[in-house]
Amino acid sequence: MTAQELVVILKERLGKAHFEWKLDSKTNKLRLEHLETGKGMDLFLGDVLTKYDTRKEKAIDEVVYTIEQTFEAMKKEKEQGFQELMNIYPVIRSGSFPKKSKEGHAFITTEHTAETRIYYALDLGNTYRLIDEDMVNKLKVSVEQIKESARFQVRNLPTNVKRDEVAGNFFYFLNENDGYDASRILNDAFLKEMRGKIEGDMTVSVPHQDVLIIGDIRNNTGYDVLAQMTMHFFTVGAVPITSLSFVYEEGRLEPIFILAKNRVKKEQEKQ
């Protein structure tokens, strides 16, 4: 399938009259402008075509759903505006994630680890929108109020986990598919509760947005399993974050290689 053929299909599925369609044939970037709201979005068709090679119609279903939900959120924003802080949540992104919106407005962020950064999202039902400086003015609240509300809201998210055992090690998976699975890494009470259940080293992994993995690592094989597992999730996730895991000790998250260095140092001191 070519980019032009994909555009024809999208026009059939989405309705040709609702949008202004602009395809850059050199980059295969499609610009969609919603005629009613005046809002737009960019879509790189090369990514969709790659997925189509293996997933066929499911790939098209996914991109149609994404477009519909994005513009529905924009329409809701225009009609209703921003109402309450109860709909604001933190989201985890990789350190390389863009710091500005496509319109050039800086996102509201907080430093987290060397690998990750905290962004803030306004929940709109089936999707959410990252909050930037322009949105802060529309919300008519301070940046600190946004961050405080997000810290509170993340504690109210469910923390149900499923446990699996591999080679004497235990792994706990949190996967609610609500868009905030990785955000649970910011719930200190939850992490402390899990620490109380774990006998070995406690690891925390956020390979992509829709999963949080907590490890009870009791032998060296467990670290090998964890590395393979996080890399797999990182490569298949729709919004990858980091394949690097963290060790949770005394309420702090340390990159896993720091633990390895400390152990080598301790062994050398014993000798």
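Me: At what N to O distance do the side chains of Glu148 and Arg151 meet in a salt bridge?

Reply: This is a predicted model, in which local features need a pLDDT (the predictor's confidence in each residue, from 0 to 100) of at least 70, side-chain atom pairs count only at pLDDT 80 or more, and totals for chains, interfaces and linings use all residues. Residues are numbered from 1 along each chain as its sequence is written, and side-chain values use heavy atoms, with hydrogens and water left out. A salt bridge places a side-chain nitrogen of Lys or Arg within 4 Å of a carboxyl oxygen of Asp or Glu. For Glu148 and Arg151, the N to O distance is 2.7 Å.

Me: Why are Glu148 and Arg151 separated by about one helical turn, and in which helix?

Reply: Helices (H or I, at least four residues) and strands (E, at least two) are DSSP runs, numbered from the N terminus. The two residues are separated by about one turn because they are 3 residues apart in residues 143-154, which form helix H5.

Me: Is Glu111 buried or exposed, and what is the relative accessible area of its salt-bridge partner, Arg117?

Reply: Buried means under 20% relative accessible area, exposed over 50%, and partly exposed in between (1.4 Å probe, protein chains only). The side chains of Glu111 and Arg117 meet at 3.7 Å, N to O. Glu111 is exposed at 60%, whereas Arg117 is buried, with a relative accessible area of 9%.

Me: How many residues apart in sequence are the parts tied together by Arg218 and Glu199?

Reply: The closest N and O atoms of the salt bridge between Arg218 and Glu199 are 3.4 Å apart. Arg218 lies in the loop between strand E11 (212-217) and helix H7 (220-236), and Glu199 in the loop between H6 and strand E10 (201-205), so the parts that the pair ties together are apart in sequence by 19 residues.

Me: Which residues are joined into one network by salt bridges that share partners?

Reply: The structure holds 13 salt bridges. Those that share partners join into one network Arg31, Glu33 and Asp42.

Me: Which residues touch the most other members of the largest nonpolar core?

Reply: A nonpolar core is a set of buried Ala, Val, Leu, Ile, Met, Phe, Trp, Tyr and Cys residues joined through side-chain atoms within 4.5 Å. In soluble globular proteins, nonpolar side chains tend to be buried together. The largest core here has 30 residues, and the members touching the most others are Ile131, Ile146, Met202 and Ile214.

Me: How many residues does the other core hold, the one that includes Ala3?

Reply: Elements giving two or more residues to the largest core include strand E4 (88-94), strand E6 (116-123) and helix H4 (133-139). Apart from that core lies another, with Ala3, Val7, Leu45 and Met74 among its members, and its size is 22 residues.

Me: Which side chain is joined to that of Ser245 by a polar contact of 2.6 Å?

Reply: Ser245 is buried at 4% relative accessible area and lies in the loop between H7 and strand E12 (246-249). A polar contact is a pair of N or O atoms within 3.5 Å; within protein, one must be able to donate a hydrogen and the other to accept it, and residues adjacent in sequence count only if both atoms are side-chain atoms. At 2.6 Å, the side chain joined to that of Ser245 belongs to Ser205.

Me: What is the angle between the planes of Phe97 and Tyr119?

Reply: Rings of Phe, Tyr and Trp (its six-membered ring) pair if their centres lie within 6.5 Å; planes under 30 degrees apart count as stacked, over 60 as edge-to-face and the rest as tilted. The structure holds 6 aromatic pairs. Phe97 and Tyr119 form an edge-to-face pair, 5.2 Å centre to centre, with an angle between the planes of 80°.

Me: How many residues apart are Tyr128 and Tyr180?

Reply: Their ring centres are 5.3 Å apart and their planes lie at 25°, so the pair of Tyr128 and Tyr180 is stacked. Tyr128 is in strand E7 (residues 128-130) and Tyr180 in the loop between E9 and H6, a separation of 52 residues.

Me: Where in the chain is confidence lowest?

Reply: The chain averages a pLDDT of 86, and 91% of the residues score at least 70. Where pLDDT is low, the predicted coordinates should not be read in detail. Confidence is highest in strand E9 (residues 169-174), at 98, and lowest, at a mean of 51, in residues 256-270, which form helix H8.
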